[in-house]
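Me: Got a model open here and I'd like to talk it through. Can you take me round it?

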Amino acid sequence: MYLHHFGFSDYPFRLTPDTGFFFNSVPHRDALNMLLVAVRANEGFVLLTGEVGTGKTLLCRQLLAELERDFCTAWIPNPHLNANGVRQALAEELGLDPARNLGQHRLLSMINRRLLEQTEAGRPVVVVLDECQSMPDDALEALRLLTNLETERSRLLQVVMFAQPELEQRLAQHRLRQLRQRITFHHRLEPLAADAVEDYLEFRVIRAGHGGEPLFDGGAVRAIVRGSRGIPRLVNVLAHKALLVAYGRGSHRVNRSCVGRAVRDTDDATSSNARSPAVWAMGAVAVLMLLGFGAYLQGMPVP
C-alpha cells in the first residue's frame with residue numbers, strides 16, 4: 001500500500017515475529033541475557049512472563065536463534081496439549097517418529113536415549129514453549145517429570161517457558177508447588193519506556209528501508225507513547241495505521257493528527273481524551289465536595 005510512498009522495501013510494523021526486526025531495548029535485552037545465562041548454566045526450568053503484546057513470541061524466536069549453534073532446540077508453540085501430547089511433540093522435535101499408540105514407558109525410553117545422544121554430542125537439549133498459561137496442569141506436570149531425566153553430572157533437558165502473568169497465579173496454587181520449586185529463574189518482561197518507543201519506531205522504519213528524515217514528528221511519537229502504553233504490539237498497530245492515514249493524505253510525515261485517527265480506530269489503545277472510571281469517580285467526589293462547601297457558606301443544610 002504505502003511502501004513506495006515512504007521508500008520502504010518491507011512493511012516496518014508487521015505483527016509477525018520476525019527476528020530481523022528484533023529491537024534490543026533495555027527490557028528485551030535484559031530478558032534475553034537472563035534466558036541465555038540460565039540456559040548456559042544448565043538451570044533446568046526458566047520462566048519469562050509478560051503482558052499481552054510485550055514481545056514474548058519475538059523474544060522466544062530470538063532466543064531460539066541464539067541457542068541454535070550450541071544447543072539442540074525443540075520448540076513447542078501449541079499450548080493445548082495433554083501430557084502425552086507434550087511427550088509426542090518433544091519426540092517429533094527431536095527427530096523421532098514414535099507410533100501414536102506407543103506406550104508412555106517406551107516413548108519416554110526413546111526420548112531419554114535421544115537426550116543422551118545429544119548431550120554426549122555436546123548439544124544439550126532445550127525445549128522452548130510459548131503461551132504456557134494455556135497449558136493444562138497434566139501437561140505442565142509432564143514437563144516437570146521430563147526434567148527428571150539426567151546423568152550424574154547434568155540434566156538432559158532444560159525447559160524455557162514463555163507465558164502471560166496468569167501462569168504466575170496458577171503456579172502459586174498448592175497443586176503446582178513441585179513445578180514452582182523447579183523454576184530457578186523467573187523474569188517479568190516490561191513494556192517499553194517512553195524514550196525507547198521513539199528509538200523503536202526509528203529502528204523499524206530504517207530496517208524496512210527508509211533513509212530520509214524521521215517519519216514520525218514529536219507530537220506523533222508522544223501520541224503513540226500514550227496510546228500504546230509502551231506495549232510493542234500496540235506501537236506496531238498504531239504506527240501502521242498512522243502511516244496509512246498519512247499516505248491517504250499525501251503526506252510524507254506522520255503527525256499527531258494521524259496518530260489520533262489511529263488511536264480512535266484501535267480498541268485497546270488509550271485515548272488522550274479518555275478518562276478511566278477512577279478519574280471520573282474522583283471528579284464526581286470533588287464536585288460534591290465543592291457543592292457541599294458552597295451550601296455550607298450560604299448557611300444551607302448540606303444534603
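Reply: Sure, one term up front: buried means under 20% relative accessible area, exposed over 50%, and partly exposed in between, with a 1.4 Å probe and protein chains only. This is a predicted model, where local features need pLDDT of at least 70, side-chain atom pairs count only at pLDDT 80 or more, and totals for chains, interfaces and linings use all residues. Residues are numbered from 1 along each chain as its sequence is written, and side-chain values use heavy atoms, with hydrogens and water left out.

Me: OK. Is Asn42 buried or exposed?
Reply: Neither: Asn42 has a relative accessible area of 22%, so Asn42 counts as partly exposed. Asn42 sits in the loop between α2 and β1. Helices here are DSSP runs of H or I with at least four residues, strands are runs of E with at least two, and both are numbered from the N terminus.

Me: What about phi of Asn42?
Reply: Phi is positive there, about 55 degrees, although Asn42 is not a glycine. Most residues other than glycine have a negative phi. Glu131 is another case, with a positive phi near 55 degrees. Glu131 belongs to the loop between β3 and α6 and is partly exposed at 27% relative accessibility.

Me: Zooming out, how many helices and strands are there?
Reply: The protein has 13 helices and 5 strands. Of its 303 residues, 45% count as buried.

Me: And what order do the strands take in the sheet?
Reply: The order is β2-β3-β4-β1-β5, an open sheet of 5 strands with parallel pairing. Two strands pair if DSSP finds at least two bridges between them. The edges are β2 (72-76) and β5 (183-189), each pairing on one side only. From one strand to the next the twist averages 15 degrees. Axes are lines fitted to C-alpha atoms, for helices over the stretch in contact, and angles run from 0 to 180 degrees between N-to-C directions.

Me: Which helix packs on the sheet?
Reply: Helix α2 (residues 26-40) does, touching β1 (45-50), β3, β4 (157-163) and β5. The direction of α2 makes about 170 degrees with that of β5. Contact means heavy atoms within 4.5 Å.

Me: Give me some register. What does Trp75 stand opposite?
Reply: Trp75 faces Val128 in β3; β2 and β3 (residues 125-129) run parallel and are joined by 5 bridges. Moving to β1, this strand pairs with β4 in the parallel sense over 5 bridges, with Leu48 opposite Phe162. On to β5: 6 bridges join β1 to β5, also running parallel, and Gly50 stands opposite Leu189.

Me: How many residues of β1 are buried?
Reply: 6 of the 6, so β1 is largely enclosed by the rest of the structure. In a regular strand the side chains alternate between the two faces of the sheet. Here Phe45, Leu47 and Thr49 are buried on one side, and Val46, Leu48 and Gly50 are buried on the other.

Me: Next, the core. Which residues have the most contacts inside the largest one?
Reply: Leu90, Ile111, Leu129 and Met161, in a nonpolar core of 36 residues. Such a core is a set of buried Ala, Val, Leu, Ile, Met, Phe, Trp, Tyr and Cys residues joined through side-chain atoms within 4.5 Å. Elements giving two or more residues to this core include α4 (83-93), α5 (104-120) and α7 (166-171). A second, separate core has 34 residues, including Tyr2 and Phe203.

Me: What is Met161 in contact with?
Reply: Leaving aside neighbours within four places in sequence, the contacts of Met161 include Phe45, Leu47, Leu129, Cys132, Leu140 and Ile183.

Me: Last topic: how many aromatic pairs?
Reply: The count comes to 7. Rings of Phe, Tyr and Trp (its six-membered ring) pair if their centres lie within 6.5 Å; planes under 30 degrees apart count as stacked, over 60 as edge-to-face and the rest as tilted. Phe13 and Phe216 have ring centres 6.1 Å apart and planes at 85 degrees, so they are edge-to-face. These two are 203 residues apart, and both are buried. Phe23 and Phe203 make a tilted pair, 5.4 Å centre to centre with 45 degrees between the planes. Phe23 lies in the loop between α1 and α2 and Phe203 in helix α9, so this pair ties together parts 180 residues apart in sequence.
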